[in-house]
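Please open the structure in a viewer and keep the selection tool at hand. The tour begins at a single pair of residues and then widens step by step.

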Amino acid sequence: MADSTVQLASNALRMIGADPITALTDDNDRARVMDALYTPTLDAMIQMHNWNFAQRRVALAALTAVPVWGYGQMFQLPQEPFCLQVLETNLETDQAWRIETYATATASYRVLLTDASAVSILYLARITDPSLYPGLFSRAFEYELAYLASYPLTRNAQLREALRADKELAWQKAKSRDAQESRTLKTITSTAFTGVR
């Protein structure tokens, strides 16, 4: 388990035979490549799977503004930690909702539109503290960064291809372990077979 973004980035650099960095703002090509890759890659990898560590539940705050048409209410999605993807809502199955962007003269927000007067969500959050990442997620993320940085920093296509296989295996292991951290109760529907005793 990594303690910092620099540690994750440096471990990825070591995988491609490059020297570690002391900060993403270092004045060298290694840091510049890692700085450019880090957050977009983190967002993409969190959205790739419904990781338990990245899930948050929150009641949304209604905005005073309302949609121009189609829905009666507008709720701002969380900014901290940033909402990458809504997984579930507490709305009834017959209550419609959708995610859009709402823009004012000074800012833009991702919002949830619905006719309901209140809504809570379960969402995937941008978790920036590496100490919260499970060890297998950290390792897979390091492989992903190494894979993406390998060609820009080494121009070695063979290394890139080797890292592709390593990162795919690492993500499989991380997802498999993550799936063991929850249980969903299933409702058994009575049928001719289940009704027989």
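Begin by selecting Ala61, which stands opposite Gln76 in strand 3. Strands here are DSSP runs of E with at least two residues, helices are runs of H or I with at least four, and both are numbered from the N terminus. The model is a predicted one, in which local features need pLDDT of at least 70, side-chain atom pairs count only at pLDDT 80 or more, and totals for chains, interfaces and linings use all residues. Residues are numbered from 1 along each chain as its sequence is written, and side-chain values use heavy atoms, with hydrogens and water left out.

**The sheet, strand by strand**

Next, select strand 2 (61-62) together with strand 3 (residues 73-76). The two run antiparallel and are joined by 2 bridges; strands count as paired if DSSP finds at least two bridges between them.

Keep Gln76 highlighted and add strand 6 (residues 108-114). Which residue of strand 6 is the bridge partner of Gln76? The partner is Val111. Strand 3 and strand 6 pair in the antiparallel sense over 4 bridges.

Now add strand 5 (residues 97-103), which pairs with strand 6 in the antiparallel sense over 7 bridges. Within this pairing, select Ile99 and find its bridge partner in strand 6, Leu112. Follow the backbone from strand 5 to strand 6 as well: a hairpin of 4 residues joins them.

With these selections shown together, the view contains an open sheet of 4 strands in the order 2-3-6-5, with antiparallel pairing. Strand 2 and strand 5 are its edge strands, each pairing on one side only.

**The whole chain**

Select the entire chain and colour it by secondary structure. There are 4 helices and 7 strands, and along the sequence they follow the pattern α-α-β-β-β-β-β-β-β-α-α.

Turn the model to view its extent: the C-alpha trace spans about 65 × 55 × 30 Å along its principal axes. The radius of gyration, taken over C-alpha atoms, is 21 Å, whereas a compact globule of 197 residues would have one near 16 Å by the rule of 2.2 Å times the number of residues to the power 0.38.

Finally, display the contacts, meaning heavy atoms within 4.5 Å. Among those between residues at least 6 apart in sequence, 68% join residues at least 24 apart.
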